[in-house]
Amino acid sequence: SWCTENTSLILRHPGEWGTIIQVVRYLEENPEAVESLREIPVADSKFAESRKRAVLALAEARSPDLGITLESRWGGPSNWRPTIRFVDPNMRFGGLTRITIELSELASLLDKLNPNGLFIIENRTSFDALPEIPGILALWGEGNAVQALKKAGLPINLSVFYWGDIDREGLAILSRLRQILPKTQSVAMNIQTLEIHHDSAVIEDSHVGTMPEGLNGDEAALYRCLGSELLGNQAIRLEQERISPDYVLNHFTFNCDE
């Protein structure tokens, strides 16, 4: 179940999970090592520090006490610094196209710029490729990192648009984001998009899990389609990078007053 809920995180570290597991096991057996992460003998001196999110997520699943200790030591989700793109040129500071800010500063930035909506994009490639959109501020969600937004103090009536991978994990992230910001609208995450880009979809090895809460009718239909019994109850994945940002903008209207 942990793997199902953390698919995006797993895919960010191909070939590294054997070492990540060894790091977590070592921390379980040697809790004092959290004070000196660069001296963990099962990996090079910077391995654990540069993969904190993966180590923390697995540690929390295996040992809640260790997870609490690591979160206290590393700052947990609130330590995430979101990257912002000014896809509306009129919102740019000094000609800057993007900035990385403290999570605690995000609400103040939104208040100052007063955009029509915040567009959250799950993956970096699609985030970088996003064209200009008047009235919109873009945020790189970094997969599950968006859960940290619950500590950002954003108004619950903020108009938010979310574009992620068309897979079970992408819809699960949408569900968790909607628990924080109820007005979140999905973008290009429907059966029509999957059908148009079907040749780029792949079949995942894992089996279908429980549908996340809070999905609307179209999103729920997509979730069921992704785990169609016609495919032996296996799950389909359509990576966000396979979909053109122009397609997204041409097929969706940003109704910020909804």
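Reader: So two strands pair if DSSP finds at least two bridges between them. Which residue stands opposite Trp163 in S5?
Author: Ile121 faces Trp163 of S5. Keep in mind that this is a predicted model, where local features need pLDDT of at least 70 and side-chain atom pairs count only at pLDDT 80 or more, while totals for chains, interfaces and linings use all residues. Residues are numbered from 1 along each chain as its sequence is written, and side-chain values use heavy atoms, with hydrogens and water left out.

Reader: Cool! Which strand pairs with S5 over 4 bridges?
Author: Strand S3 (residues 117-121), in the parallel sense. Strands (E, at least two residues) and helices (H or I, at least four) are DSSP runs, numbered from the N terminus. Another opposite pair is Phe119 and Phe161 in S5.

Reader: And over how many bridges do S5 and S6 pair?
Author: S5 and strand S6 (residues 184-186) share 3 bridges, in the parallel sense. Tyr162 stands opposite Ser186 in S6.

Reader: Are the faces of S5 covered or not?
Author: Both faces of S5 (residues 160-163) are covered. Val160 and Tyr162 are buried (under 20% relative accessible area; exposed is over 50%, partly exposed in between, with a 1.4 Å probe and protein chains only). On the other side, Phe161 and Trp163 are buried too. In a regular strand, side chains alternate between the two faces of the sheet.

Reader: Zooming out, how many strands form the sheet?
Author: There are 6, in the order S2-S1-S4-S3-S5-S6, and the sheet is open with mixed pairing. Strand S2 (98-100) and S6 are the edge strands, each pairing on one side only. From one strand to the next, the twist averages 25°.

Reader: What does H9 touch when it packs on the sheet?
Author: H9 touches S3, S5 and S6 (contact means heavy atoms within 4.5 Å). The direction of H9 makes about 160° with that of S6. Such angles run from 0 to 180 degrees between N-to-C directions, and axes are lines fitted to C-alpha atoms, for helices over the stretch in contact.

Reader: Switching to helices: at what angle do H9 and H11 pack?
Author: About 150°, with the axes of H9 (residues 168-180) and H11 (residues 217-226) 10 Å apart. That makes H9 roughly antiparallel to H11 (over 145 degrees; under 35 is roughly parallel, 65 to 115 roughly perpendicular and the rest oblique).

Reader: Which residues of H9 and H11 make the contact?
Author: From H9, Arg168, Leu171, Leu174 and Arg178. H11 brings Glu219, Leu222, Tyr223 and Leu226.
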